[in-house]
Amino acid sequence: MAKDNVSFWKTWRAKFGHQKPAKVVEGLTNYEDIAETFASIFESASKPNTPSLNISAKAVFEKKLSDYEDNMQCRIIPLTVDEVGACIGKLKRGKASGFDNITADHIINSHGIVVVQLTCLFNCMIRQGYVPDAFGTGIIIPLVKDTTGNRGSADNYRGITLSPVLSKLFELCLLLRLKDFMRTSELQFGFKENVGCVHAIYTVKSVLNYFNKRGSTVTMAALDISKAFDKVNHYILFSKLLDRRVPVCIIKVLVCWYGKCNAVVRWQNSMLHVFVINAGVRQGGVLSPLLFSVYMDNLIDKLEACGYGCKVHGVYVGCILYADDIILLAHTSYAMQKMLDVCSEESISLDLKFNVNKSVALRVGPRWRSLCAPLVTLGFTALRFVDSTKYLGVYLKSGVKYSCSYEHLKLRFYSCFNALFSRSKASNSKLVTT
């Protein structure tokens, strides 16, 4: 009745959405063997792409840190009880607990003295640049990606990490002191207040309409980064924070924290293999989206500095980012190739890899059917020109002008309606029609 889609489907899944877990995964039936299989997969994904680059990045960071003049050290204002209390109020209820079995409800409903003790603890951690070992421990639970796909294939699962609620609270408190250092380009639409997918898509639409009305055909490239969040190099990230003049005590907190990250996979209450996470931002962490945006921010600067890409009234709009979803816009194929070269070079310095199988190109404008030279990206692999591509939930189509495909939305609507109608046949027909 309140038209709250999130709450409605959450209640619906609680009543009707229970599915039995797969009994066989990759031919294994023993729960411990299945957990071990997932652990090996997640462990391989949490390592740097290039070990040699990781070693050199560590040396560069340590040299920077030793030479770093922390002019902001004396300006750090200790956390107050009111600030920690306000952060406690931001915790989400009803979430699963970490290994310590403490939930947000425990903290929210605790005595006021707990807030005072937590304030003292967090201030000590910031001053000392240290976090407890337990803050880095997480429990990974494999979840099915596609419920209509093969539930017996490990590739059809993704992992979500359950972290201690106290670590999330500490991140909320750190954010109060870090938010002024975490500002990114206006072309990065992810993880910002009052900005979202709609604004990114509208920007793409406006750029295409601007050039199409003037007779130009725009070439778009949608780039996909393989496991972007899981492959962030820690030392490159810390160096970027030093460049932003983040106080050294906070950097030491992050260095200590990321040096203690480890996880264990839970499958039907079976937990065995504990592995170390050597790359990537912490999954589910409050700071993780902002840290990733900082990690990718230089890509936008370098694309703008290269001089290629679309501009509208002198304003550069050649690349649109939403987290790791990248759209490049250029009015010539030559300019697009130059932009792809910049992306390839930057991906090497960031120790990231583009997925050439999922990265595609398409053209929108009067000459959208005209053949053009192949666009080459990292690995000397040509991008495929396609008729449509999915970007932030919308299927962008090639053609004379900007257009979208809504067939997937229709299929989703009919799927949801059939799921509801199949369980409400005994209901009043007038009510169902309404």
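A323 counts as buried, at 4% relative accessibility. This is a predicted model, so that value, like the others today, is computed from predicted coordinates. A323 sits in the loop between β8, residues 319-322, and β9, residues 325-330. Its phi is positive, about 60°, although A323 is not a glycine.

There is another residue to set beside it. R245 also has a positive phi, near 65°, and is a residue other than glycine. R245 is in the loop between α9 and α10. Is R245 buried or exposed? The relative accessible area of R245 is 35%, so R245 falls in between and is partly exposed.

Now the aromatic residues. How many aromatic pairs does the model hold? The count comes to 20. Take F38 and F42 as an example: the ring centres are 6.1 Å apart and the planes are at 15°, under the 30 degrees that counts as stacked, so this is a stacked pair. Both residues belong to helix α2, residues 31-45, where they are four residues apart, about one turn of the helix. F38 and F42 are both buried.

For F238 and Y258 the ring centres are 6.1 Å apart, but the planes are at 75°, so that pair is edge-to-face. This one links distant parts of the chain: F238 is in helix α9, residues 234-243, and Y258 is in helix α10, residues 248-258, with the two positions 20 residues apart in numbering. Again, both F238 and Y258 are buried.

Back to F38 and F42 for a moment. Ring pairs join these two with Y157 and W267 into a cluster.

One ring has a charge over it. The charged end of R214 sits over the ring of Y210, 3.8 Å from the ring centre.

Last, the nonpolar cores. Which residues of the largest core touch the most other members? They are F170, M296 and L328, in a core of 106 residues. I will take L328 in more detail. Setting aside neighbours within four places in sequence, L328 contacts residues including T219, M220, A221 and L223. Further along the chain, the contacts of L328 include L303, G318 and C319, and also M336, M339, L340 and C343.

There is also a second, separate core, of 14 residues, and among its members are V25, F38, A39 and F275. F38 therefore comes up three times: in the stacked pair with F42, in the ring cluster with Y157 and W267, and in this second core.

Key
Residues are numbered from 1 along each chain as its sequence is written. This is a predicted model: local features need pLDDT of at least 70, side-chain atom pairs count only at pLDDT 80 or more; totals for chains, interfaces and linings use all residues. Side-chain values use heavy atoms; hydrogens and water are left out. Rings of Phe, Tyr and Trp (its six-membered ring) pair if their centres lie within 6.5 Å; planes under 30 degrees apart count as stacked, over 60 as edge-to-face and the rest as tilted. Buried means under 20% relative accessible area, exposed over 50%, partly exposed in between (1.4 Å probe, protein chains only). A charge sits over a ring if NZ of Lys or CZ of Arg is within 6 Å of the ring centre and within 35 degrees of the ring normal. A nonpolar core is a set of buried Ala, Val, Leu, Ile, Met, Phe, Trp, Tyr and Cys residues joined through side-chain atoms within 4.5 Å. Contact means heavy atoms within 4.5 Å.
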